[in-house]
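Biologist: I would like a close look at one part of this model, explained step by step for someone who is new to reading structures.

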Amino acid sequence: MTIRWHCIAFDSFPPLILYDVLRLRSEVFVVEQNCPYQDIDRQDLDAYHLLGYNEAGELVAYARLFGAGKCYDEASIGRVIVAQPYRSFGLGRELMRQALLHSDALFGPQPNKIGAQQHLEAFYNGFGYEQCGPMYVEDGIPHIPMRRG
């Protein structure tokens with residue numbers, strides 16, 4: 001499977017791409033996870049958005065990237081998503097690899113902190129993240145803070 005990666009600032013979003021991002025995030029975080037919450041949180045304005053498109057031009061992977069001081073003292077990656085039909089191909093690992101590469105290119109190599117869904121701890125451990133605080137519940141889902149570097 002070939003994925004084309006693009007990383008853009010919010011103010012560069014064409015309307016149809018923004019629609020695709022919001023649709024995918026709603027599809028996964030609200031509908032699939034049965035978690036009604038306010039996804040549009042104004043943090044999009046400060047983020048770079050990593051977009052992964054398949055050969056048909058469909059958005060199938062997404063993450064948003066923040067510089068230090070935006071979400072945490074460290075740089076951060078959030079809203080990590082792979083569309084459900086594409087989850088058994090290792091695309092989540094490639095998305096995180098791309099997110100870390102783009103974060104380093106945008107903000108320079110530095111520590112990175114995330115708020116991870118607790119059941120994904122082992123996945124993020126594979127990228128060097130370690131739990132750095134107690135579990136907390138966000139929107140009804142257990143999360144843990146994790147830090148890398």
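Biologist: Does arginine 79 count as buried or exposed, and at what relative accessibility? Please begin there and then follow its surroundings outward.

Modeller: Please keep in mind throughout that this is a predicted model. Arginine 79 has a relative accessibility of 18%, and because buried means under 20%, arginine 79 counts as buried.

Its charged partner comes next. Arginine 79 forms a salt bridge with aspartate 41, and the closest N and O atoms of the two are 3.2 Å apart. This pair links distant parts of the chain, since arginine 79 sits in strand 4 (residues 75–82) while aspartate 41 sits in the loop between helix 1 (15–32) and strand 2 (48–53), 38 residues apart. Aspartate 41 is partly exposed, with a relative accessible area of 26%. As a general point, side chains of opposite charge can pair when their charged atoms come close.

A second salt bridge is found just before strand 4, in the loop between strand 3 (59–66) and strand 4, where glutamate 74 lies. The side chain of glutamate 74 meets that of arginine 147 at 2.9 Å, N to O. Arginine 147 belongs to strand 8 (residues 141–148), so this pair ties together parts that are 73 residues apart in sequence. Here glutamate 74 is the buried partner, with a relative accessible area of 16%, and arginine 147 is partly exposed, with 31%.

A salt bridge can also join residues within a single element, as happens in helix 2 (residues 91–107) with glutamate 94 and arginine 97. Their side chains meet at 3.0 Å, N to O, and because the two are three residues apart in the helix, they are separated by about one helical turn. Both count as partly exposed, glutamate 94 at 24% relative accessibility and arginine 97 at 41%. Returning to arginine 79, salt bridges that share partners join this residue with Arg25, Asp41, Asp44 and Arg64 into one network. A search of the whole structure finds eight salt bridges.

Let us now move along strand 4 itself, where serine 76 also lies. Serine 76 counts as buried, at 3% relative accessibility, and its side chain reaches the backbone oxygen of lysine 113 at 2.8 Å. Leaving aside neighbours within four places in sequence, serine 76 is in contact with Arg64, Leu65, Phe66, Cys71, Asn112, Lys113 and Ile114. Among these, Arg64 is also a member of the salt-bridge network that includes arginine 79.

Isoleucine 77 has some of these contacts too: beyond its neighbours within four places in sequence, the residues in contact with isoleucine 77 include Arg64, Leu65, Asn112, Lys113 and Ile114, as well as Met96, Leu100 and Tyr129. In the largest nonpolar core, which has 37 residues, Leu51, Ile77, Leu91 and Tyr129 touch the most other members. Strand 4 is one of the elements that each supply at least two residues of this core, along with strand 1 (4–9), helix 1, strand 2, strand 3, helix 2, strand 5 and strand 8. Strand 3 gives the most, with six residues. In soluble globular proteins, nonpolar side chains tend to be buried together.

From serine 76 we can step to glutamine 117, which is 41 residues away in sequence and 15 Å away in space, C-alpha to C-alpha. Glutamine 117 is in strand 5 (residues 112–117) and is buried, with a relative accessible area of 13%. A polar contact of 3.1 Å joins its side chain to that of glutamine 33. Apart from neighbours within four places in sequence, glutamine 117 is in contact with Phe29, Gln33, Ile141, Pro142 and His143.

One more step leads to valine 137, whose C-alpha atom is separated by 9.2 Å from that of glutamine 117, 20 residues apart along the chain. Valine 137 has its place in strand 7 (residues 136–138), and at 58% relative accessibility valine 137 counts as exposed, whereas glutamine 117 is buried.

Finally, a record helps to place this part in the chain: an unreviewed UniProt entry carries the annotation "domain: N-acetyltransferase" for residues 8–149. Over residues 8–149 the chain is 28% helix and 30% strand, and the end C-alpha atoms are 25 Å apart.

Conventions. Residues are numbered from 1 along each chain as its sequence is written. This is a predicted model: local features need pLDDT of at least 70, side-chain atom pairs count only at pLDDT 80 or more; totals for chains, interfaces and linings use all residues. Side-chain values use heavy atoms; hydrogens and water are left out. UniProt positions are given in the numbering used here, feature names are shortened, and annotations may be inferred rather than shown by experiment. Helices (H or I, at least four residues) and strands (E, at least two) are DSSP runs, numbered from the N terminus. Buried means under 20% relative accessible area, exposed over 50%, partly exposed in between (1.4 Å probe, protein chains only). A salt bridge is a side-chain nitrogen of Lys or Arg within 4 Å of a carboxyl oxygen of Asp or Glu. Contact means heavy atoms within 4.5 Å. A polar contact is a pair of N or O atoms within 3.5 Å; within protein, one must be able to donate a hydrogen and the other to accept it, and residues adjacent in sequence count only if both atoms are side-chain atoms. A nonpolar core is a set of buried Ala, Val, Leu, Ile, Met, Phe, Trp, Tyr and Cys residues joined through side-chain atoms within 4.5 Å.
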